[in-house]
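Visitor: Please take a close look at how the parts of this chain pack against one another, and set that packing in the context of the whole chain.

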Amino acid sequence: WQSRAALPRSRVMTADYSLLPSRNVADQIASTLRSEIAAGTWGVGQMLPAEHQLMERFGVSRPSCREALRILQSEGLLEIQRGNRGGARVVPPDPSRIALFAGVFLQMRNSTITEVFETRMTIEPAAVRSFTRHGTREILSQLAQNAASQRFIVHDRPSFYQRGRDFRELLVRNCGSESLRLLCLVIGEIADMQLSVLSRALPHDPDQESRFLTAIRIKEEMIAHIEAGDGEAAAQSWHGYLRYYLDRLHEITPPETRTMKPFPLD
């Protein structure tokens with residue numbers, strides 16, 4: 001593992017954590033390490049120093065050190081492995097973990113699926129505009145293939161929804177804006193988890209296939225606008241796609257089912 005001595009002294013913050021109240025020690029250590037991870041002092045895939053090195057650096061006990069690492073592990077910033085070859089490895093943040101906490105917040109405030117979709121209609125068109133400027137033809141081709149493939153599964157609602165989630169993730173992950181990417185992935189993940197719960201209770205829709213084909217045509221229209229370099233028209237198409245999706249959802253779900261539910265465990 002890389003020790004503190006292997007880094008330039010200016011890149012590692014030091015402090016006397018032994019003077020803090022014991023209940024705050026782990027939080028303060030986690031805060032310091034979190035800041036260093038964000039700043040790139042410890043990169044993705046890199047091992048943090050061994051426990052005894054962290055204990056020496058911060059002047060704390062093993063329990064306080066381990067609790068600090070567990071805090072960062074719970075936040076999805078570290079992967080901890082036990083054993084002689086184990087340790088704490090930095091991992092890339094997972095938007096789905098952020099979405100889980102954000103979703104709980106929205107549930108506690110009695111939010112609805114409608115609100116989540118309306119938020120998507122605000123931020124995702126901006127991601128489409130950004131993708132029009134920064135996206136590659138390779139990704140655009142993958143989007144077109146995804147939309148085309150949905151024509152063969154319009155009879156299978158779960159598979160159709162999953163392919164749609166893949167489309168949205170591919171689009172926003174490559175939009176060229178990290179801020180939009182994060183917001184869209186988090187809100188989209190919340191919407192997807194809620195729809196996963198809701199879809200199990202939805203009645204059969206006799207017009208499902210025709211509705212799905214209409215949704216595909218709207219996405220293909222958006223792709224054509226992106227290919228032509230018309231970001232505004234592409235954004236309007238995506239806004240229309242989300243509005244169409246929400247309107248159809250309202251048609252087949254009674255209002256009392258639209259309050260956000262606890263997320264599925266699977």
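Guide: A residue is called buried when its relative accessible area is under 20%, and exposed when that area is over 50%. In this predicted model, buried residues make up 45% of the 266 residues in the chain. The secondary structure comes to ten helices and two strands, and along the sequence the elements follow the pattern α-α-α-β-β-α-α-α-α-α-α-α. Of the contacts between residues at least 6 apart in sequence, 72% join residues at least 24 apart.

The packing of helix 9 and helix 10 is a good place to begin. Two packed helices are described by the angle between their axes and the distance between the axes. Helix 9, residues 208-227, packs against helix 10, residues 231-252, at an angle of about 165 degrees, and their axes are 7 Å apart. Because an angle over 145 degrees counts as roughly antiparallel, helix 9 is roughly antiparallel to helix 10. The crossing of helix 9 and helix 10 is left-handed. On the helix 9 side, the residues making the contact include Arg211, Ala215, Ile218, Met222 and Ile226, while those contributed by helix 10 include Ala234, Trp238, Tyr241, Tyr244 and Arg248.

Helix 9 also holds Ile216, a residue that counts as buried because its relative accessibility is 0%. Leaving aside residues up to four places away in sequence, Ile216 touches Ala147, Gln150, Arg151, Val154 and Phe160. The C-alpha atoms of Ile216 and Asn146 are separated by 9.7 Å, although these two residues are 70 residues apart along the chain.

Helix 2 and helix 3 give another pairing to examine. The axes of helix 2, residues 51-58, and helix 3, residues 62-74, come within 9 Å and cross at roughly 105 degrees, and helix 2 and helix 3 are therefore roughly perpendicular to each other. Here Glu51, Leu54 and Met55 of helix 2 meet Arg62, Cys65, Arg66 and Leu69 of helix 3. Cys65, one of the residues in that contact, is buried, with a relative accessible area of 3%.

The cysteines deserve a further word. Cys184 is also buried, at a relative accessible area of 0%, yet its sulfur is 6.3 Å from the closest cysteine sulfur, that of Cys175, which is too far for a bond. The structure as a whole holds zero disulfides.

Between the helices of the sequence pattern lie the two strands. Strand 1, residues 78-81, pairs with strand 2, residues 87-90, in the antiparallel sense over four bridges, and Ile80 has Ala88 of strand 2 as its bridge partner. In a regular strand the side chains alternate between the two faces of the sheet. In strand 1, Leu78 and Ile80 form the covered face, whereas Glu79 and Gln81 form the uncovered one. Five residues lie between the strands of this hairpin, where Gly83 takes a positive phi near 105 degrees.

A positive phi also occurs outside glycine, since Asn110 has a phi near 55 degrees. Asn110 lies in the loop between helix 4, residues 95-108, and helix 5, residues 113-134. In contrast to the buried residues described above, Asn110 is exposed, with a relative accessible area of 57%.

Key: Residues numbered from 1 in each chain as written. Predicted model: local features only at pLDDT ≥ 70, side-chain atom pairs only at ≥ 80, totals over all residues. Heavy atoms only, no water. Disulfide = S-S within 2.5 Å. Buried < 20%, exposed > 50% of the residue type's maximum accessible area, 1.4 Å probe, protein only. Pairing = 2+ DSSP bridges. Axes fitted to C-alpha atoms, helices over the stretch in contact; angles between N-to-C directions. Parallel < 35°, antiparallel > 145°, perpendicular 65-115°, else oblique. Left-handed = near helix turned anticlockwise from the far one by under 90°. Contact = heavy atoms within 4.5 Å.
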